Amino acid sequence: MSSTIDSILVENRIFPPFPNLVEGAAISGMDAYRALCDEAERSPGEFWGRLARENLNWSKPFTQVLDESQAPFYRWFGDGELNVSANCLDKHLETPTANKPAIIFESDDGKVTTITYKQLHARVCQLANGLKSLGHKAGERALIYMPMSIEAVVAMQACARLGIIHSVVFGGFSSKSLHERAVDVGATLIITADEQVRGGRTIPLKSAVDEALAMGGCEAVAHVVVYKRTGGKVQWHPERDLWLDDLCNGQPEVCAAVSLNAEHPLFILYTSGSTGKPKGVQHAAGGFLLWALLTMKWTFDAKDSDVFWCTADVGWVTGHTYIAYGPLAAGLTQVMFEGVPTYPNVGRFWEMIQRHKVTVFYTAPTAIRSLTKAAETAPEYHPRKYDLSSLRIIGSVGEPINPEAWMWYYTNVGGERCPVLDTWWQTETGAHMLTPLPGATPLKPGSCTFPLPGIDAAVVDEAGGPVENSKGGFLVIRRPWPGMIRTIWGDPERFKKSYFPPELKGVYLAGDGAQRDADGYFWIMGRIDDVLNVSGHRLGTMEVESALVSHELVAEAAVVGRPDGTTGEAVVAFVVLKRALPEGSEADDIAKQLRDWVAKEIGPIAKPKDIRFGENLPKTRSGKIMRRLLRVVAQGETVTQDVSTLENPAILGQLSQAH
C-alpha cells in the first residue's frame, strides 16, 4: 500500500440544512441521525434485523441476521428467502402505485416513452416466461449488453425474478471485454441489442457479441436474445439468436417470482480491471436490496411525489442501485435517458429537468465540470436559462467533487436552495456509505461528510492504527454491513487479499485515501494509488485538482504523477479551460499563472511540473476520467491499452503537448 497524504484543503464554508427539507425528512435533524447511529452501535444485529423486516417482503422470514463464522465471507439473513423483482414490482400491484409511471424514458432523439408499474411488471413477466420456455433457470448466469432503455431494466428484473444471476456489461466495452466476462462468469445466455444510439450516432452491439463468441471458450452460451433498437443490419445465427419481441409475444403477463435464499447472488459486476484481470464483484439478493432501498429513503429522502433522475448507465453499479432496483423498490417515478448531456446541445440535462419536473437529480462531477465550461462558452444553454424550480435535492457520484465545482452546482443548478449530496461509495459497497443527509447534515463543499447509520468508517495508518484528525490515511469500514461485496466470483483468495489484507486485522479496505477535518468531516483524497510523493512530501491528486479548478480560468483538471530524477515524482496536470484552447506564448503564460496559483493555494511543492491543455479529458461514455491513460501520456509513452470505452479517444494526442 502506498503512503498517505500530509495536508488537506481548508474549507470554512458551511451550509446548514434547509428547514423545508428537515421537516418530514426520513432522518430529520442531527439528533435523529445520531440516534440511529447509536442504535446500530449498541445492537447491530437488532438494528439491521429490524430494518430488514420493516423494509422488505420475505417469502420465508429469516431467524439469523448475520453469520460471521466464515469471516470475511459474511452472510446476511442467510436462512430467509425473498425475491428482488417481487420487492420492486409485485408489492406495488395492489396499491395506487400500480398505475403510477415507473419509468419516463427519453431516447437520444428526444422521443419519450412512459411505462407504469403495472405495465413494467407485465413486461418483466413476459420476458421471464420467455426465458423459462428456453430452459433457463435459477443459478445460471446471463450477460446483459444493452443500451440505456426500458428493455435493459426489464432484462435485469426478469433475471432477478427467475434467480438467473445477471452480469451487465457496459455498452461501451469492446468484444474482448465482453469475451473475458462471458468466459469468467460461465454465461449461458446473452441479452443484447442490434445497436445503441448516442449523440446521434449508432454504435453496434450485436456484432460485438458475435465477435466475442467467435473467440472461443463461450460454448455454454445457448441463446442470444436481441432487442431491435434501430433495425440496423445484423448477422443472424438461427440456432442461437432470437429477437426479444418474438420471445415475449404471446407469453403470459404473470410469472411467479422464484423464492430465493437471501444470499443467492443477484448479480456479478466486473470492475474495469485497469491492472490485471477484471474482478467480478458478487452481490447477494437480500443485503443488496435492503441497502439500495434504505439509501433511497435516507440519502434521497424518497417521497411518493418525487421524479428521480440518476444519469448513470446501467452498465455501472450506480445504474444497478439507483435505476434498476432502488427507485423501483421505493415506488418512485424515475427518468431514464439514452443519450449524452451535450446532444443536441449542452442544455440537454437542464431542458430535461425542466420538462419532466425532476425533483431529485443525481449525476457525476465530470459532467458537472464539463457543463461548467459549456455554460461559459455557450451562455444561451446556461442552467439559469431554464426553469429548474422543481428540484429539491441534487447529488454527485463517481469521484470526489471539487469545492468550486460543488459551489457552481449548488448556485447554478440548485439555485442555492437544494443541498448537494456528495456521495462516497463503490461497486463493492452496493450503495452509499458516506453522504450528507438532506434533512440533517450541515454541508461543506467537497466533503462527503459522515457515514450513514450502521457504517463504521475510520481513517487508519498502514498498520491499521488510528490516525488523528487532519492527518491522511486509508479509509476502512470496521464492521460488516448488508450491502457489502460477498466475494470475487471464482476467486475467494483475491477477495481476501484485495479487501481484507491481514495487516489491517479484518477490516474492509476501501482503497481510497481519506482524512477527517477538525469537525470530523470525511474528505476523500483519491485512490491510494493516486497519492504522489514529491521530494518526500505526500500530495493527494484530489487537492491539486481542487486548487486548479478553483482558478477562474479552469473548468476541469486531472492530476497524475510521473517519475522524476530530481524529486522522485513530478506533478503533471491536464487542464480544460473555460475558453478556447491557448497556443504558444499564451499557453505558457496561462500555465505559469496556474503554477503560481497552486503554489499559493497549497504550497510550492505542489506546483505542476507539466501542464497540458485540452478541449476535454479522456472519459468513458459514463463520464469517468481515465487517469490510467493520462499516466501513460504523462510519461511520454504511447497508449497501447484498450480505449474502446472512451467517448473521445482523439483527445489523448492533444494532451501529449507539455507547457
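In what order do the 3 strands of the open sheet stand? The order is 28-29-30, with mixed pairing; strands count as paired if DSSP finds at least two bridges between them. Helices (H or I, at least four residues) and strands (E, at least two) are DSSP runs, numbered from the N terminus.

The model is predicted: local features need pLDDT of at least 70, side-chain atom pairs count only at pLDDT 80 or more, and totals for chains, interfaces and linings use all residues. Residues are numbered from 1 along each chain as its sequence is written, and side-chain values use heavy atoms, without hydrogens and water.

Select strand 28 (554-564) and strand 30 first. Each has a single partner strand and stands at an edge, so one side of each lacks a neighbour in the sheet. From one strand to the next the twist averages 25 degrees (angles run from 0 to 180 degrees between N-to-C directions, with axes fitted to C-alpha atoms, for helices over the stretch in contact).

Next, show strand 29 (residues 568-577) with strand 30: the two run parallel, joined by 4 bridges. Ala573 stands opposite Ile611, and Val575 stands opposite Phe613.

Stay on strand 30 (residues 610-613). Asp610 and Arg612 on one side, and Ile611 and Phe613 on the other, are all buried (under 20% relative accessible area, 1.4 Å probe, protein chains only).

Now add helix 13 (residues 365-377). It lies across strand 28 and strand 29, at about 120 degrees to strand 28; contact means heavy atoms within 4.5 Å.

Finish at helix 2 (residues 30-42) and helix 3 (residues 44-55), whose axes come within 5 Å and cross at roughly 120 degrees.

Key
Buried < 20%, exposed > 50% of the residue type's maximum accessible area, 1.4 Å probe, protein only.
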